[in-house]
Amino acid sequence: MWGRRSLLQALCIVVAVAQPALAAEPVGQAVVIKTEVTGQSGPIEVDSSVHRNERIKTSPSGLGQFLFRDGTKLAVGWGSSVVIDKYVFDDSQSVKKLTIRAAKGTFRWVSGSSNSSAYQILTPAGTIGVRGTAFDFYVGPDGTTAVVLLNGAARFCGPGGCRQLQQRCDCVVAKPNGNMSAARRVDPSILDTLGNPRALPFLSGNQRLSGGIGMIGGCNMASAAPERKDRKPPPPAIAPVPQRQDPPQRRAEPQKERPNKPDMPHHANPHHDRPHHDKPDHDRPHHDRPDRPDKHDGHDDHDRPGHHDQHHGNDQDHQEHDRDHDGDRDHDKDRHHNRGGSFNHNR
């Protein structure tokens, strides 16, 4: 009898211990996982369910995007840690309460179809109240928190009071000790204020989000993106090789048309009209001599002094002068000169 009672009590204890695990109902699922994202039961993969009270962590280069049952979207950037603290779901495809507790890291939140008062984000420096909104927020290692409004409206409340975020790109920075800045437009100098160039990577473009959640953002923070160590630098630009250019060609000048000269007979040339060409060789006194190639003797004689003197002296003196000069010449030239002398003498 006691044995059966002891067995029944043991079964009750097992059921009681297992009940919290059964109560951890799924509240959403992972839609994008990059590098390494872990949950309560180990690595989280795409389409894996996430549960209430589950802590989600990302590696220094990790990224996870999650979709809750009411359409709320949460992006968890690198080096982050967040717990889905409370989740109360009703039958109208909306939640009565959705609270997440952000310990550190960088996040993007986009509200779903539930009443805006149902959402609440807890940080070490204060609480973000959602008003049908989209915003980025960052939690530093020391608890310093920055909130940048992207759509709708939000309110941040901490020990130092509350700040309203009503204009797109409004930003507030708060510390756990209650110090809080006024709401102002965000600019790249906020990274210096936070002491981390990797903060707010979704705005700076250091981490890319997928789907509609990635289309929100900007606020002129893209110029603040630091150099990613895990990205290879682009190859250096290669200067184009200058093409060799031929020197400009000179335009050809039009050729002037030369007047057509009438064809003239060979003997029409003026130099053929000289006296020693008027008569053919057979009319000369020495035509009975043996035929020899016509060498135009008249041209050769023009260049010799004896021929030039024929026109200014008498024929007898010229013959004597020729004999004196021809003594040193060879036999052929001597005979040629005598012919010239005979020709002049007979004339």
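Arginine 184 is partly exposed, with a relative accessibility of 41%, and in this predicted model its side chain forms a salt bridge with aspartate 187, the closest N and O atoms lying 3.2 Å apart. Aspartate 187 is likewise counted as partly exposed, at 28% relative accessibility. Side chains of opposite charge can pair when their charged atoms come close. In this model the count of salt bridges comes to 3, and the table sets them out with their N to O distances.

| Positive residue | Negative residue | N to O distance |
|---|---|---|
| Arginine 184 | Aspartate 187 | 3.2 Å |
| Arginine 101 | Aspartate 85 | 3.6 Å |
| Arginine 108 | Aspartate 136 | 2.6 Å |

The salt bridge between arginine 101 and aspartate 85, at 3.6 Å from N to O, links distant parts of the chain, since arginine 101 belongs to strand 9 (residues 95–110) and aspartate 85 to strand 8 (residues 81–89), with their positions 16 residues apart in the numbering. Arginine 101 has a relative accessibility of 42% and is therefore classed as partly exposed, while aspartate 85 is partly exposed with a relative accessible area of 21%.

Strand 9 also supplies arginine 108, whose partner aspartate 136 sits in strand 11 (residues 126–139), so that this pair too links distant parts of the chain, 28 residues apart. Here the closest N and O atoms are 2.6 Å from one another. Arginine 108 is buried, at 1% relative accessibility, and aspartate 136 is also buried, with a relative accessible area of 1%.

Which side chain of opposite charge is nearest to aspartate 170, a residue that is buried yet has no salt bridge? It is arginine 185, at a distance of 6.4 Å, and because a salt bridge requires a side-chain nitrogen within 4 Å of a carboxyl oxygen, this pair does not qualify. Aspartate 170 lies in strand 14 (residues 170–174), and its side chain reaches the backbone nitrogen of glutamine 167 at 2.9 Å. Leaving aside residues up to four places away in sequence, aspartate 170 touches Val147, Val148, Leu149, Leu165, Arg184 and Arg185; Arg184 in this list is the residue that forms the salt bridge with aspartate 187.

The nonpolar interior can be described in a similar way. In soluble globular proteins, nonpolar side chains tend to be buried together. The largest nonpolar core of this model holds 36 residues, of which Trp109 and Phe137 touch the most other members, and strand 9 contributes its largest share, with 6 residues. Tryptophan 109 has contacts, again not counting residues up to four places away in sequence, with Thr72, Lys73, Leu74, Leu98, Ile100, Tyr119, Ile121, Val130, Thr133, Ala134 and Phe135. Apart from this core lies another one, of 23 residues, which includes Val173, Leu209, Ile213 and Met221.

Two loop residues deserve a note on backbone geometry. Aspartate 47 has a positive phi of about 75 degrees although it is not a glycine; this residue is placed in the loop between strand 3 (42–43) and strand 4 (49–51), and it is exposed, with a relative accessible area of 54%. Asparagine 220, also a residue other than glycine, has a positive phi near 60 degrees. Its place is in the loop between helix 3 (201–204) and helix 4 (275–278), where asparagine 220 is exposed, with a relative accessible area of 61%.

Terms used. Residues numbered from 1 in each chain as written. Predicted model: local features only at pLDDT ≥ 70, side-chain atom pairs only at ≥ 80, totals over all residues. Heavy atoms only, no water. Helix = DSSP H or I, 4+ residues; strand = E, 2+ residues; numbered from the N terminus. Buried < 20%, exposed > 50% of the residue type's maximum accessible area, 1.4 Å probe, protein only. Lys, Arg positive; Asp, Glu negative; His and termini not counted. Polar contact = N/O pair within 3.5 Å; in protein donor to acceptor, adjacent residues only side chain to side chain. Contact = heavy atoms within 4.5 Å. Core = buried A, V, L, I, M, F, W, Y, C linked by side-chain atoms within 4.5 Å.
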